[in-house]
Amino acid sequence: MYNSRIIGMGKYLPDNVVTNDDLAKLMDTSDEWITERTGIKERRHIVKGSDDTPATMGHKAALIALERAGLQPKDIDLILFATLSPDYYFPGSGVLVQKLLGIPACPAMDIRMQCSGFIYGISTADQFIKTGMYKNVLVIGSENHSGGLDFTTRGRGVSVIFGDGAGAAVLTREEDNTRGILSTHLYSEGEHAEELSLIGPSTQRWVPEIIAANDPDDISYYPYMNGQTVFKHAVVRFSEVINEGLQKNNWEAADIDLFVPHQANLRIAQFIQKKFRLGDDQVYNNIMRYGNTTAASIPIALTEAWEEGKVKEGDKVVLAAFGSGFTWGSALMVW
Ligand code: UT7
């Protein structure tokens, strides 16, 4: 059995910066409320009519990751594309990235695990690499949230949190079993599926039906989030799944060189940091600049941490996420 190892990371953020004060012009909210409850100061939004889509942003992040990995698109054996905001209802954005990369034929699979999508992605990549089936796997997390949010006071509990962007990782076969991804731990709990969800348009709420009803109060096509329930489950599941990974690898929290949590809410990250008694230099957060970018948040943060020299060869890195589904997971690796 081989290990898999990340050998290149990239990120892409749309240029358009939207501050809390910008949002306060659209809805009844304030910089104070958003900063205090979430830690977010600004996020990026795709400008309507621009070329940015989940696939094109993912493509741009992937090109950087490939260059840093020293690989060409033709070297990729499998594309995994994690998103909750695909370009099309179908087909998935993975095949669109494949087309943009000019790879004539390889499997390209979408992963619909929301905030945990990148962890599910690298875990899936790891399994294919471990068995020897594929050597080089491209994992992308990319989201266009701003195109589908309710920027009125009605939607403020959700719309101030989410931002757009993409991150990508190239994983390859690693023959030294002491480095690379050591373990991944994945969970879902469908009992809470509707607590953070977007129900329509879907096969439950067909578009013609929604149009025919012409109901201004129908908000089924906006995301719904029971924030407090999500928060309560998040802190428990984050802790459990990090602990499971630490135990599996015989690591103490003090051994962690860098913990990169899904950037859901700075308060959640700080709660976990405190619980595991991690120092500020052991945790990487950038939610203040980008908001919550769902499947893109961990690859964006990991790329940025690497660019800032905060992830070095031999470092013990822990990734963890929780989100809609509910889904959650962790990944432990030696860089
Ligand atoms: O990445 C996916 C996973 N998602 C998460 O992890 C999110 C987890 N949950 C959270 O981060 C928090 O629950 C939120 C940040 C979403 C909300 O914070 P909260 O402290 O749970 O606030 P709340 O929903 O209990 O709302 C408190 C008050 C309400 O007003 P009333 O009923 O007390 O009068 C809301 O209407 O704050 C109001 N409110 C706002 N006020 C100003 C909700 N959103 C806003 C807003 N600006 N944007």
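These questions and answers concern the ligand and its surroundings in a predicted model.

Q: What makes Thr29 a polar contact of the ligand?
A: A nitrogen atom of the ligand is 2.6 Å from an N or O atom in the side chain of Thr29, and a pair of N or O atoms within 3.5 Å counts as a polar contact, so the pair with Thr29 qualifies.

Q: Why do Trp33 and Asn265 count as polar contacts of the ligand?
A: A polar side-chain atom of Trp33 lies 3.3 Å from an oxygen atom of the ligand, while for Asn265 an N or O atom of the side chain is 2.6 Å from a ligand oxygen atom; the cut-off is 3.5 Å, and therefore both pairs fall within it. Of the 950 Å² that the ligand exposes when taken alone, the protein buries 73%.

Q: How do you know that the ligand lies between domain 1 and domain 2?
A: Domain 1 (3–174) and domain 2 (180–334) both give residues to the shell around the ligand, and it therefore lies between them.

Q: Which helix gives the most to the shell around the ligand?
A: Helix 8 does, with 4 residues; helix 8 (227–248) is one of the helices that each supply at least two residues, alongside helix 2 (31–38), helix 6 (156–159) and helix 9 (266–275).

Q: What makes up the shell around the ligand by class?
A: The shell has 10 nonpolar, 8 polar and 4 charged residues, and among the 22 residues around the ligand, Thr29, Arg37, Gln228, Asn265 and Asn292 come nearest.

Technical notes:
Residues numbered from 1 in each chain as written. Predicted model: local features only at pLDDT ≥ 70, side-chain atom pairs only at ≥ 80, totals over all residues. Heavy atoms only, no water. Near = heavy atom within 4 Å. Polar contact = N/O pair within 3.5 Å; in protein donor to acceptor, adjacent residues only side chain to side chain. Areas by Shrake-Rupley, 256 points an atom, 1.4 Å probe, with all protein chains shown as cover. Nonpolar A, V, L, I, M, F, W, Y, C, P; charged D, E, K, R; others polar. Domains from an automatic or database assignment.
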